[in-house]
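Trainee: Could we go through this one together? I keep stumbling over the words people use for it.

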Amino acid sequence: MLPSAISAMAEQMAVTGNASSLHTSGRAARRVVEESRERLARAIGARPSEVVFTSGGTEADNLALKGAFAARREEDHARHRLVVSAIEHHAVLDCVDHLVAHEGAKVTWVEPDVRGVVTAAAVRAAIEEDPDSVALVSVMWANNEVGTVQPVREIARTAHEFGIPVHSDAVQALGHLPVDFTESDLDLMTITGHKAGGPLGVGALLVKRSMQVAPQTHGGGQERQIRSGTLDVPAIRGFAVAVEEAVASRDDEAARLVALRDRLIVSAMDLGYGITVTGHWEAGDGIRRLPGNAHLLVPGCEGDSLLYLLDAAGVECSTGSACQAGVPQPSHVVLAMGISEQDARGALRLTLGHTSTEADVDAFLSALPAAVERARRASGMDG
Amino acid sequence: MRVVAAMSGGVDSAVAAARMLDAGHEVVGVHLALSQSAATLRESARGCCTIEDAGDARRVADMLGIPFYVWDMAARFKRDVMDDFVAEYSAGRTPNPCLRCNEKIKFAALLDKAVALGFDAVATGHYAQVVERPDGGRELHRAVDQAKDQSYVLGVLTAEQLSRSFFPLGDTTKPEIRSEARDRGFYVASKPDSHDICFIADGDTRKWLTSRLGEQPGDIVDAASGEVVGSHAGAYAYTVGQRRGLGLPRHTQDGQPRYVVNVDARSNTVVVGTSDLLGVNAITGDHARWCGPAPQGVVAVGAQVRAHGEEVPATAWADGGQVHVRLESRVRGVAPGQSVVLYEGTRVVGSATIGAAALER
């Protein structure tokens, strides 16, 4: 967490006050919330009234998918189809599965190309199967695993030709890419605090003024009658401070991370183990790939063996994902890009952030050869 | 040493991991995912494959401050343990899957992977003791807690496997382990013991086998008269020595209860007889495994023929991959497929899979 966000949050935690109360301390809390809303909105090119605070990215995605689906269906019962990219985060994927299983939704999954890009043309083709049945399009801004940035603006324009609203999960993009809600032409956008150096447990759904969203939690209607629940004033304040700072320092920080990332990728590929980089990558490019994302495929290794060996050497990284019991699984994102299950098992994701240094990259590069050799010896022993 | 602590999510393996850490080893917790599908993970109410168990194991690892990983060995477990289990029953034998799991998974696949990754050994929560001889060799001995002793299901381990195995609980009784777990603040201290077979969630082995092998109706024949006295839905579901679930009239003509005395898979026949037909004293075992060098000539041993059975004085001699065991007294219900484990005092000498058992005079 950014130090400025920690101190802002800590200061606020010492102040009592429920932003829904009308008495003096309540009004003071309300003021902090509204000022935070304005600061956040300014930082991401939105109007304050478009910011709906939530408990984080997952809740915002749920509200976007379920709320927009319900509202669109209410307006026109034929709007039952969702056009969603196949490389979404589970917060989106599982909402879609729920809507299909319980709410009569149909889904058209849009596959990415080999670089992990969901093109506007592919979205158009999915819509054109039956434009009048589409309730919503959802495509993430940047993929959390392989780092590929999606052409969301182009996708939004394409969908709007058919009068279809578009949601984007921009959790990974905020603070790392230029994110401007108005300019993006999106109707709904998810952001969260901790990915931008803010606190855990707070996020927001950006809702365009013209967009109808049916509430998914019911109660006091604190947030535009769309989202109920007592607002977490300290977290909201820390969130706004973090986003403001992350956006202000984005250009410099992105350039620094791109340089670190490129050195990591080039050096890893030069080690001679046949390591390749996944997704869209060009040296110096921090626009079409997340600046701090390096996603590698290491042939002949199980990602979880690498993860253990690197962790033991003091390098923290991740692989695909795990089921609830913790069983490593090949990533659905990597598989959707057409990579074989065998190759997908050797996936290794390294994320660089504001605390990452040249020394961290050096530590990774010096630990990698021994880890790859050991992991190769251990591979194939499970099956 | 660098040690993998196999953590099932139960109280025993939790304390075993903690004790390895206390002994100064570098410990990493590993939970084996052995179930095939996520659905089974959710449905399974006990055993070693539930989400709850994985979570419990992780919680203990976090308390100990050790790294924790889940290794997916479901494919190997299915092939080497579950498929073997079905094949054995289908051939009229009664396998012990825990023993097979120790032989093929815990002290083979898991140990091999651990060694490949740079570990020196695997530690588990089994109740058994490893004793190091002055010459550096290692022996497997019964646990101090006789009621919990699990040396029987470890009887398949070779000296080589033992040299990379730790059983930190062997010198302690189960009640003491529970109380130690409480003292260490593990909330799994009061978790019930796992019983039966971990991959058969409801404990109904016959139903589980039937769902895989289908119904195969056949006759139940009386050994004495040769008459058909009943019918069954598949001979594979019966075990020598079994009395319950035969569906025979409560009182036979002679008033004696009937037991399964033989399962003939080839003719799909279950043979029943009176209890006196169950007693055997000569066992031939296949697939002999010796914990150390194979014994030379005829040796005096104690023989145990099932997981919680009594040890019987016997003589034994090795004959290639086979072992011949002559028991000093008759033992009832010796089922082919089970293992005979041989002891010298508390030391495990070796084991074999029971192929045939007979009464010799």
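Mentor: Sure! Keep in mind that this is a predicted model. Start with a rule: two strands pair if DSSP finds at least two bridges between them.

Trainee: So what makes β8 and β11 of chain B a pair?

Mentor: Strand β8 (residues 218–222) and strand β11 (residues 269–273) of chain B run in the parallel sense over three bridges. Pairing asks for at least two bridges, so they count as a pair. In β11(B), for instance, B:Val270 is the bridge partner of B:Ile220.

Trainee: Which order do the strands of that sheet take?

Mentor: The open sheet has four strands in the order β9-β8-β11-β10 (chain B), and the pairing is mixed.

Trainee: Why is one side of β9 and of β10 left without a neighbour?

Mentor: β9 (228–232) and β10 (259–264) of chain B each have a single partner strand, so they stand at the edges of the sheet. On average, neighbouring strands here are turned by 30 degrees against each other, direction ignored.

Trainee: And how do you know which domains of chain A touch?

Mentor: The domain assignment gives chain A domain 1 (3–248) and domain 2 (250–378). Contact needs C-beta atoms within 7 Å. In chain A, 22 residues of domain 1 are in contact with 21 residues of domain 2. On the domain 1 side, the touching residues of chain A divide into 11 nonpolar, eight polar and three charged.

Trainee: What about domain 1 and domain 2 of chain B?

Mentor: Their C-alpha centres lie 37 Å apart. Still, five residues of domain 1 of chain B are in contact with six residues of domain 2 of chain B.

Conventions: Residues are numbered from 1 along each chain as its sequence is written. Chains are lettered from A and ligands numbered from 1 in the order in which they are written. This is a predicted model: local features need pLDDT of at least 70, side-chain atom pairs count only at pLDDT 80 or more; totals for chains, interfaces and linings use all residues. Domain bounds come from an automatic or database domain assignment. Two residues are in contact if their C-beta atoms, placed from the backbone, lie within 7 Å. Ala, Val, Leu, Ile, Met, Phe, Trp, Tyr, Cys and Pro count as nonpolar, Asp, Glu, Lys and Arg as charged, and the others, Gly among them, as polar. Axes are lines fitted to C-alpha atoms, for helices over the stretch in contact, and angles run from 0 to 180 degrees between N-to-C directions.
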